[in-house]
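Good morning, and thank you for coming. I would like to take you through one structure today, beginning with a single loop and moving outward to the sheet and the core.

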Amino acid sequence: MKLTEEQIRDGLTRLDGWELDPEGPVLRRTLRLAGFPEAVSLVNTVAQAAEQAGHHPDIDIRYDTVHLALATHSEGAVTEKDMALAARIDELVPQG
């Protein structure tokens, strides 16, 4: 189910570092890690969680920086699936 902008903004208050892309219905988060191996490790962990959820983010790695983008392409919108995966990703991000 497509979420309204109000529902998305409300959901973002419960997430860490995610933003709604003003150019499209996409949630985005950028993470800087200690180095390339740590970035790749996070991507592998996120990939496993996404596969389990049956939902797959767009992921871009640039050395120690990981860019994540979530949208439900079949809906052309942000849905509860995106919010749930964003929350799961928040749990997987190394603290510190």
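Let me begin with a term: a polar contact is a pair of N or O atoms within 3.5 Å, where, within protein, one must be able to donate a hydrogen and the other to accept it. Please keep in mind throughout that this is a predicted model.

With that term in hand, consider Asp21. A polar atom of its side chain lies 2.7 Å from the backbone nitrogen of Glu23. Asp21 sits in the loop between strand E1, residues 19-20, and strand E2, residues 27-32. Is Asp21 buried or exposed? Its relative accessibility is 16%, and buried means under 20%, so Asp21 counts as buried. Beyond its neighbours within four places in sequence, Asp21 is in contact with Val26 and Arg28.

The loop belongs to a hairpin, in which six residues connect E1 to E2. The two strands run antiparallel and are joined by two bridges. Glu19 stands opposite Arg28 in E2, and Leu20 has Leu27 as its bridge partner in E2.

Let us now follow E2 itself. Its side chains alternate: Leu27, Arg29 and Leu31 point to one face and are buried, whereas Arg28, Thr30 and Arg32 point to the other and are not. E2 also pairs with strand E4, residues 65-70, in the antiparallel sense over six bridges. Within that pairing, Arg29 stands opposite Leu68.

How are the strands ordered in the sheet as a whole? The sheet is open, has four strands in the order E1-E2-E4-E3, and its pairing is antiparallel. E1 and strand E3, residues 58-62, are the edge strands, each pairing on one side only.

Next, the helices that lie on these strands. Helix H2 lies across E2, E3 and E4, and runs at about 170° to E3. Helix H3 lies across E2 and E4, and runs at about 155° to E4.

Finally, the core. In soluble globular proteins, nonpolar side chains tend to be buried together. The largest nonpolar core here has 23 residues, and those touching the most other members are Ile8, Leu12, Trp18, Leu27, Leu68 and Ile89. At least two residues each come from helix H1 (5-12), E2, H2 (36-53), E4 and H3 (80-92). H2 gives the most, with five residues. As for Ile89, leaving aside its neighbours within four places in sequence, this residue is in contact with Trp18, Val46 and Leu68.

Note on methods: Residues numbered from 1 in each chain as written. Predicted model: local features only at pLDDT ≥ 70, side-chain atom pairs only at ≥ 80, totals over all residues. Heavy atoms only, no water. Buried < 20%, exposed > 50% of the residue type's maximum accessible area, 1.4 Å probe, protein only. Contact = heavy atoms within 4.5 Å. Pairing = 2+ DSSP bridges. Core = buried A, V, L, I, M, F, W, Y, C linked by side-chain atoms within 4.5 Å. Axes fitted to C-alpha atoms, helices over the stretch in contact; angles between N-to-C directions.
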